[in-house]
Every structure is written in C-alpha cells, then in structure tokens.
Amino acid sequence: MALLEVDNLRTTFQTDLGEVVAVDDVSFSVEAGSTIGLVGESGCGKSTVAMSILRLIRDPGRVAGGEIRFNGQDLARLPEVELRKVRGGSIGMVFQEPMSSLNPVLKIGDQIAESLRLHRGISRQQARTRAMELLDLVRIPEASSRLNDYPHQFSGGMLQRVMIAISLACDPKLLIADEPTTALDVTVQAQILELIRDLQGELGMAVLLITHDLGVIAATCDDVNVMYAGKIVERGAWHDLYAHPAHPYTAGLLRAMPGSGRRTTARLGVIPGEVPDPLDWPTGCRFADRCHARFEKCDQQPPLFEVGGQTAACWLHSPHCGGLAAVTPPALPKPIGDVAPVPEAGEALLTLEGVEIHIPVRRGLLRRQVGAIRAVDGVDLTVYRGETLGLVGESGSGKSTLARGALRLQEITAGRIRFGDTDITTLSASKLRPMRPKMQMVFQDPVSSLNPRMRVGDIIGEALTVHGTPDGRSRRDVVGDVLKRVGLRPEYMTRFPHEFSGGQRQRIGIARALVLNPDLIVADEPVSALDVSVQSQVLNLMADLRDEFAMTYLFIAHNLSVVRHVSDRVAVMYLGRIVEVARTEELFDRPAHPYTRALLSAVPDPDPAAKHDVQSLPGDIPSPMNPPSGCRFHTRCPLAKAKGTADGICAEQEPPVVTLADGHTAACHFAGEATTIDP
C-alpha cells in the first residue's frame, strides 16, 4: 500500500461569478521513501493539490470530492482534531515564500519549538534543545547562537532551511515541498536540493515536490505528474518523459526550456495562448486550443491511455490514432545547432570606469553614519552597441545596484560613466533628461512596476508626454504600434494591468521601454518570475527586437541557462566586483574563476542522463558592509582551500585582472590554473 493515495480529488472555490473547479478528478500516489514531482504552469492547480491534501483550503474553497488516504486514513473525512495531529506531525510542508510563512515577531527557535511542543508534548527546554539539533541538521552555521534570531536576520536560503527544519521537527513520513527553490539563487537552490536529498536518505521520508523547473525535477524526482488546467495529463518516470513525452503539453514545456548545449540561433519553443479560465473549463481536452495536433476527437475529454511505462490523457494514443509521432511539435523556424554569431567588439555604447556605489548606513536618534554598504566597489565594464551582455551572480552581488547606477537612477560614489561619447557621470537632471529616451529599463516584477490605477495606454504613453512623440504622430498611434511590436493588440491600451497575465504584463513593461526607441535596454531579471512557457515567449520577443532594431541589452539574470541562450558576452559579479568577463561559449566551456565554475556546476539540467557534479559553496555571500580582505571570494573558494592559500595570498592580496585569450578576463591569483580544476 502506498504511503499517500489521492483518488479523484476535486477542489472547488465558490465565487460571485460561479464555481471555480481548481482541481478536477486528480489521482496519484506516493510510495514510502520516494520523490514524486508535480509540474505545470501557474494556474494549473499544483499548490491547490498540496493544500487540499492537508485540508488547508479555506472558505470559499472546499474539498468537494475524492479520497486522500495517508497510511490508510482518509484525510478528507478525518475530524479536525485528528487532522491536526497529522499536520506537522506525520506530514510536513515547506511553503514557497518562507518570509511570508514565518512569524516576523517570533524568534526562530520558538517557531521550531512550537511544533515540537504541540505534537510531542515535551518541555520548553527539551523543545529548544531539539530545535538547535534541527538547525544543525539543516546546516545553519552556529546553530545554538541563531535560535534567538528573528526571520529578517537570515538570508533567503537560510530562511528556506529554517522552514525545512520546522517541517522536519516531528520526523514526518511525508514532506510536501511547494516550489521550495523558486526564489533562490542557483547556488542556494543546489544546496537546498542537496539538503532535501540527504535528509530523505537519512530519515527515510517520502517527498512530494511541486515545481515548474524541469531541471529541479531531473535532479530530484523518481516519477513525475504533469498537471494542466486542474488535471493530470501525463505521468511516468522522468527519464521516459524527457526522452519520449507522450502528451503535447509535456513536449511543449521541454521545448520551451533553454537548452544546456551550445548557444544557438534557434528560437525557443512556444506554447501559444494561456491556461483556460477555471470558471469555464473546455468540455473537451483542456489543452486543445493551444495544441498543434488538435483534431475532431479533441472536443471530447480524453481518458488516460497507457503509453509504454507512461500514461497520457491525449487522444493521439487511442487505438485509432497515429500515436507518439504526432506529439512532437512542428520544427522551430530556425535550425537547432547553429552557433549564434557574436558581434565583434565595436563602438562602446555604455562604459563604466571604476564605478563605486556605497550606500550609507545610519543609526541612532541623530542618524549618524556608522558605515556603508559597498554594493558596487570598483567596476570596469563595457557594453558594445548591438550586443547582449549578460550579468550574473548571487543575490547581494550588486547586479541591480550597478544597473541602476549605470542609468543614473542611483547616484554613484566614485568612478565614471560614459553613454556613447557623452560623460554622464555628473550631468544635472535637466541635462540628462534629453538622453533618457536612449536608455531604458525593464524591471523584474511587472506587477509592482506598473501603476495599477493607470490604463496600459497611459502607462506606455507617459514617456511620450514627457519627451514628445516622433514625427509628430499622435500618442495613440505610437502606443498602438509598440503594442503590436510586443505581440499585444492595440485595443488593450484601455485595460488595466490586473486584466493581463504575467507574461502579458512583462510585454507591457517591454513596450514601455521601447516606446522611445532606445539604444540600450537594461533588463533586470525580466523572466525570473515567469513560467517556462511564458519565459520562452518573452525571450523570443527580446531576440526579435534585437535583430530588427539592433537593440543593445544589459541582461541581468540568475538563471544561467537563460543567460547562455540570450547573451553574446557574460560578466560575472561577486560582492560588488566583476570577477570574470568572456564571450558566452568561452565562459561556459572554459571558466577561469572558481566562482564562475561553482555557478555553472549548480545549474540543474533537465536531461536525466547528463552528468552533474555540483560544486557546493559553503556559507552565504559575506556582508558588503565588511567585505573580506584580499580576494573577496577566498572565504568560500574551493581552489584557495585546495591550494592552502585561503589564509595566505588570497586573503592578503587583491587579485589582479588577468587577460586570457579572446578578451577573456578573470580576477583570480590562479586564473590560468582554475580551468584545469575539476568542479
């Protein structure tokens, strides 16, 4: 008997517009000790399934049907008093946003101890001792001294570790992890996944992992359930699904991911349209309107068909249809495998020389300065006209601060900034204004960067009011044209931001940046909050705009697969400084800095056959208020440790910038040797 069996689960929400069926006839099982994945786009019902298992759905929602059997008990019909013993006791849950899940006014030790005292009935001191053991188990440094800290005193990765500690407090048999790594850097993500795998082996628990990252699935899961529009559309072992997807939706998700191979001219695969409205699910196959292989039979709801060792809800696998051959989407417009040409270094569009941005830290009643956050600390960087320069590094490296400083959206402390032939370092606001149309920014979060009280036409056209419209055209005509350029309809200009999907809102943000025909666009994590299917649409759009209008991008991201796909060159940033710059393939094939090697090793690969040896970095990035002496990476550097120089030259002397072949530079005492060290 399986540890968890979900049979015909149906979860609904009663709204003023009618009944929303968020989860519709979902069935799957989790064996003891196994890791089962649940994947799909936002709005498919994945998190609702997790909340339904623990009966955490609140009014106006309810579990309207089906059975949820855990160790033989039907949780759907268990009295609330008995259910409380299961929540946190036999089943632990890790939520997506640890900062919103942890109580900001309670100490971490008390929050861990709370579950122990409720479920185990032990004393306060016993609970505190166990809490310290749990923090040590999830590898929080100096666990005993961190019990009295509050959530805001921990980094994002450490907060997620605390959430895991709470969920493991009572030695659960099942851990439900809902997008546990979505908001984390690639290095921290690798640490969390490694931690979950190690704890699973040590404690023998089962894991239900919910994610939209297929690389995470490949690194952790035995079997996978692909969910779409409230239903399971395919299930099977990941190596089977990856090699031979049996449902067109699964095939579409795989083709929408940037590949792990060499950078190519190929466009990413796109799943057209959106997940249908749960208020009005289609009566037939719910994926039919977005499917390249749709035919008459798709007007009826398909059952699950057996396809080898997989099952798929697709009529293509009925005895009367062609089968797997029709599942693969049609060929992309450009051939996969052609290496994208890299623009030759030509005219410098943006040049940073010795740029520093130190943010004062003030305390006390009189707000005296007691220090400074050295967010950017001596950066030299050039962006050439017509290229895409990727900027990568962990959170806290200073990437976004550097981008804002480069556009003079934040004042710099020292250094020089040139845009084209003009030194803009000390230009007044009035003299800088005529140059603003040529330098624009696309922000990470389209929700917070778009005014919810303004219509889309006014949001995009606001810059035209300030700077004027080109060629005397009307503002409405210009806005309509730019909406068409980003794949939206001109009539959308009368709508408000909340009436659009996440991908459409990001397109609106791009349209706002494009409306003044800029020479440079700084894109700050433009796709990090998007599903893989929407991400591919936005990346294709940016590539098309670059090809059509010779656009120049400074592209900031923590997803190195995305960076490899879009960038001509890549700059790696660590603790306020650039540590390596190279052409994309040169950097990915022959990284010269140990930090770059660690970042690349931590990138999850969706290919289950890929060899993946993660080079784990100890600890978190140091505080920019008090950065380490010498090489700032030496406190975490595996190369310095291997050579025994972590307390020698690496700690005492700032490394020189070494120039390698083809403009490849790295700030490392052993840059020439780092390429020969296995990750």
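**Exercise 1. A histidine in a loop**

In which loop is His-664 found, and is His-664 buried or exposed?

*Solution.* This is a predicted model. Start with the location. His-664 sits in the loop that joins strand E23 (657-659) to strand E24 (665-667). Next, take the accessibility. The relative accessible area of His-664 is 0%. The cut-off for buried is under 20%, so His-664 is buried. Then list the contacts, skipping neighbours within four places in sequence. His-664 is in contact with Glu-580, Val-581, Ala-582, Glu-586, Arg-590, Ala-592, Val-658 and Thr-659.

**Exercise 2. An aspartate in a strand**

Place Asp-24, classify its exposure and list its contacts.

*Solution.* Asp-24 belongs to strand E2 (residues 18-30). Its relative accessible area is 13%. Buried means under 20%, so Asp-24 is buried. Now leave aside neighbours within four places in sequence. The contacts of Asp-24 are then Leu-9, Arg-10, Gly-230, Lys-231 and Arg-286.

**Exercise 3. The nonpolar cores**

How many residues does the largest nonpolar core have, and which helix gives the largest share?

*Solution.* The largest nonpolar core has 72 residues. Ile-460, Ile-510, Leu-514, Val-515, Phe-555, Val-572 and Tyr-595 have the most contacts inside it. Helix H18 (residues 532-549) gives the largest share of this core, six residues. Take Ile-510 as a worked case. Residues up to four places away in sequence are not counted. Ile-510 then touches Val-442, Val-486, Val-538, Leu-541, Met-542 and Leu-545. Separate from this is a second core of 68 residues, which includes Ala-131, Ala-143, Cys-170 and Phe-287.

**Exercise 4. Two helices**

Why is helix H1 (residues 46-53) described as largely enclosed? Which residues of helix H16 (residues 475-485) are buried, and what covers them?

*Solution.* Take H1. Six of its eight residues are buried, so the rest of the structure largely encloses this helix. The six are Lys-46, Thr-48, Val-49, Ala-50, Ser-52 and Ile-53. After H1 comes Arg-55, with a positive phi near 55°.

Now take H16. Its buried residues include Val-478, Val-479, Gly-480, Val-482 and Leu-483. Their cover includes helix H15 (456-467) and helix H17 (502-514). Gly-487 follows H16, and its phi is positive, near 85°.

**Exercise 5. The largest cavity**

How many cavities of 30 Å³ or more does the structure hold, and what lines the largest cavity?

*Solution.* Count first: there are six cavities of 30 Å³ or more. The largest holds about 480 Å³ of space. Its lining has 29 residues; His-212, Asp-213, Gln-535, His-558 and Asn-559 lie nearest the centre. Next, sort the lining by element. Helix H8 (186-203), H9, H18 and helix H19 (560-566) each give two or more residues. H19 has the largest share, three residues. Finally, sort by class. The lining has 14 nonpolar, eleven polar and four charged residues.

**Exercise 6. A valine in H9**

Is Val-216 buried or exposed, and which residues are its contacts?

*Solution.* Val-216 lies in helix H9 (residues 214-220). H9 was named above as an element of the cavity lining. At 2% relative accessibility, Val-216 is buried. Leave out neighbours within four places in sequence. Val-216 is then in contact with Thr-181, Gln-189, Leu-193, Leu-209, Thr-211 and Pro-604. Last, check a distance. Val-216 and Val-579 are 363 residues apart along the chain, and 27 Å separates their C-alpha atoms.

Technical notes
Residues are numbered from 1 along each chain as its sequence is written. This is a predicted model: local features need pLDDT of at least 70, side-chain atom pairs count only at pLDDT 80 or more; totals for chains, interfaces and linings use all residues. Side-chain values use heavy atoms; hydrogens and water are left out. A nonpolar core is a set of buried Ala, Val, Leu, Ile, Met, Phe, Trp, Tyr and Cys residues joined through side-chain atoms within 4.5 Å. Buried means under 20% relative accessible area, exposed over 50%, partly exposed in between (1.4 Å probe, protein chains only). Helices (H or I, at least four residues) and strands (E, at least two) are DSSP runs, numbered from the N terminus. Contact means heavy atoms within 4.5 Å. On a 1 Å grid over the protein atoms alone, a cavity is a set of points where a 1.4 Å probe fits but cannot get out, and a pocket is an open set with protein on both sides within 12 Å along at least five of seven lines; lining residues have an atom within 4 Å of a point. Grid points are joined across faces, edges and corners, and a volume is the space filled by probe spheres set on the points. Ala, Val, Leu, Ile, Met, Phe, Trp, Tyr, Cys and Pro count as nonpolar, Asp, Glu, Lys and Arg as charged, and the others, Gly among them, as polar.
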